[in-house]
Amino acid sequence: MNIAVGARAGIIDDLFVGNFLGRDSDIVFDYRQKVTRSFEYLQGDYYIAPVFMDKVVCHIVKNYIAHLLNTKVPLILGIWGGKGQGKSFQTELIFQVMGLEPVIMSAGELESERAGEPGKLIRERYRTASQVVQNQGKMSCLMINDIDAGIGRFGNTQVTVNNQIVVGTLMNLSDNPTRVSIGQDWRETDITNRVPIIVTGNDLSTIYAPLIRDGRMDKFYWQPTHEDIINIVHRMYEKDGISRDAVVRIVDTFPNQALDFYGALRSRTYDRSISKWVDDIGGVENLGNKLLRRRKDEKLPVFVPPKQTIDALLESGYSLTKEQQLIMETKLSKEYLKNIDD
């Protein structure tokens, strides 16, 4: 039996497929799961800030032609800045434009109950990105989101062995990007394609300093300008018929807000329409039956999205800022934990 495809009908001769395990028993399914990310869900026309585009594209290109350049090229690009400013989203938009198929990790994968597991995972994911280049002829990279949440130092947080191994692994990849072991014996022919690494975070100063030194990591502080915010938000609201002047008014009404605040405005305007739709399908009591256990031929009422108006968006904005203010002012932990330090 060909173990690369298992017993898939139409690929293996029918004589050897049989019927007893199902026509498509696939004995190596777990080993061929797609680890890379594609961006079919990013439908629509989004705005990418030119300075962001230049930095990410330049870093990727530099790493792909590093062997042609007579200079040391940092393997890692650290994109950092305030929360909700679109660091990860803008990066994914750039990947989509470039036709690049990345391997994406999150900070939650940088810890494990088994010592050494996250470090090995990073090396495996790096080699996977390298194999995309070699086997599919597509550009790829390794991206780690919110890296400071995974290996940053905050106050008295405990340093684990895995934190140290992850930092050591990333430092070693930066120094030897074409020789990556995942536990096998070293072979002279085992050369890995160099692929760039991009990490995002809010505060890179919390990360072990030798990892973020200039030879290993190129840093890029992303703080969108007023013009960038207007362009991004206008593109977000364009399909709703909101004019650029209206977007300027919204942005100026709620200054010093992260980009995701303006996305949350639009989401908040849907609340009333959703409440009406719930009533249309039979009320709260019947939600489970209607959403999950209805008959196949039973159609749900059509959800009609609300018509976006500047007044509705401003009303949502005031509601959101009020909630923000309440969180900052009403600290119930002070009330419940009398001995808490200020």
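**Exercise 1. Determine whether Glu227 is buried, partly exposed or exposed, and examine its salt bridge.**

Step 1. Glu227 has a relative accessibility of 43% and therefore counts as partly exposed; buried means under 20% relative accessible area, exposed over 50%, and partly exposed in between (1.4 Å probe, protein chains only). The structure is a predicted model, in which local features need pLDDT of at least 70 and side-chain atom pairs count only at pLDDT 80 or more, while totals for chains, interfaces and linings use all residues. Residues are numbered from 1 along each chain as its sequence is written, and side-chain values use heavy atoms, with hydrogens and water left out.

Step 2. Glu227 forms a salt bridge with Arg244, and their closest N and O atoms are 2.8 Å apart. A salt bridge is a side-chain nitrogen of Lys or Arg within 4 Å of a carboxyl oxygen of Asp or Glu.

Step 3. This pair links distant parts of the chain: Arg244 lies in helix 8 (residues 244-253) and Glu227 in helix 7 (residues 226-237), 17 residues apart. Helices (H or I, at least four residues) and strands (E, at least two) are DSSP runs, numbered from the N terminus.

Step 4. Arg244 is partly exposed, its relative accessible area being 32%.

**Exercise 2. State how many salt bridges the whole structure holds, and describe the bridges of Asp280 and Asp214.**

Step 1. A search of the whole structure finds twelve salt bridges.

Step 2. In the bridge between Asp280 and Lys276, the closest N and O atoms are 3.3 Å apart. Asp280 and Lys276 are four residues apart in helix 10 (residues 271-280), so about one helical turn separates them. An α-helix has 3.6 residues a turn, so residues three or four places apart point the same way.

Step 3. Asp280 is partly exposed at 44% relative accessibility, whereas Lys276 is exposed, with a relative accessible area of 53%.

Step 4. Asp214 and Lys219 also meet through their side chains in a salt bridge (2.8 Å, N to O). Asp214 is exposed at 60% relative accessible area, and Lys219 is partly exposed at 29%.

**Exercise 3. Classify the ring pairs Tyr46 and Phe89, and Phe220 and Trp222.**

Step 1. The structure holds ten aromatic pairs. Rings of Phe, Tyr and Trp (its six-membered ring) pair if their centres lie within 6.5 Å; planes under 30 degrees apart count as stacked, over 60 as edge-to-face and the rest as tilted.

Step 2. The ring centres of Tyr46 and Phe89 lie 5.1 Å apart and the planes meet at 85°, so this pair is edge-to-face. The two residues connect distant parts of the chain, 43 residues apart: Tyr46 is in the loop between helix 1 (14-17) and helix 2 (50-64), and Phe89 is in helix 3 (residues 87-98).

Step 3. Phe220 and Trp222 form a tilted pair, with 6.3 Å from centre to centre and 35° between the planes. Both Phe220 and Trp222 are buried.

**Exercise 4. Check the span of helix 6 and list its buried residues.**

Step 1. The expected span of a helix is 1.5 Å times one less than its number of residues. For the 15 residues of helix 6 (residues 161-175) this gives 21 Å, and the end C-alpha atoms are 21 Å apart, which agrees.

Step 2. The buried residues are Asn162, Asn163, Val166, Val167, Thr169, Leu170, Met171, Leu173 and Ser174.

Step 3. These buried residues pack (contact means heavy atoms within 4.5 Å) against strand 1 (76-80), helix 4 (117-136), strand 3 (142-145), helix 5 (147-151) and strand 4 (197-201).
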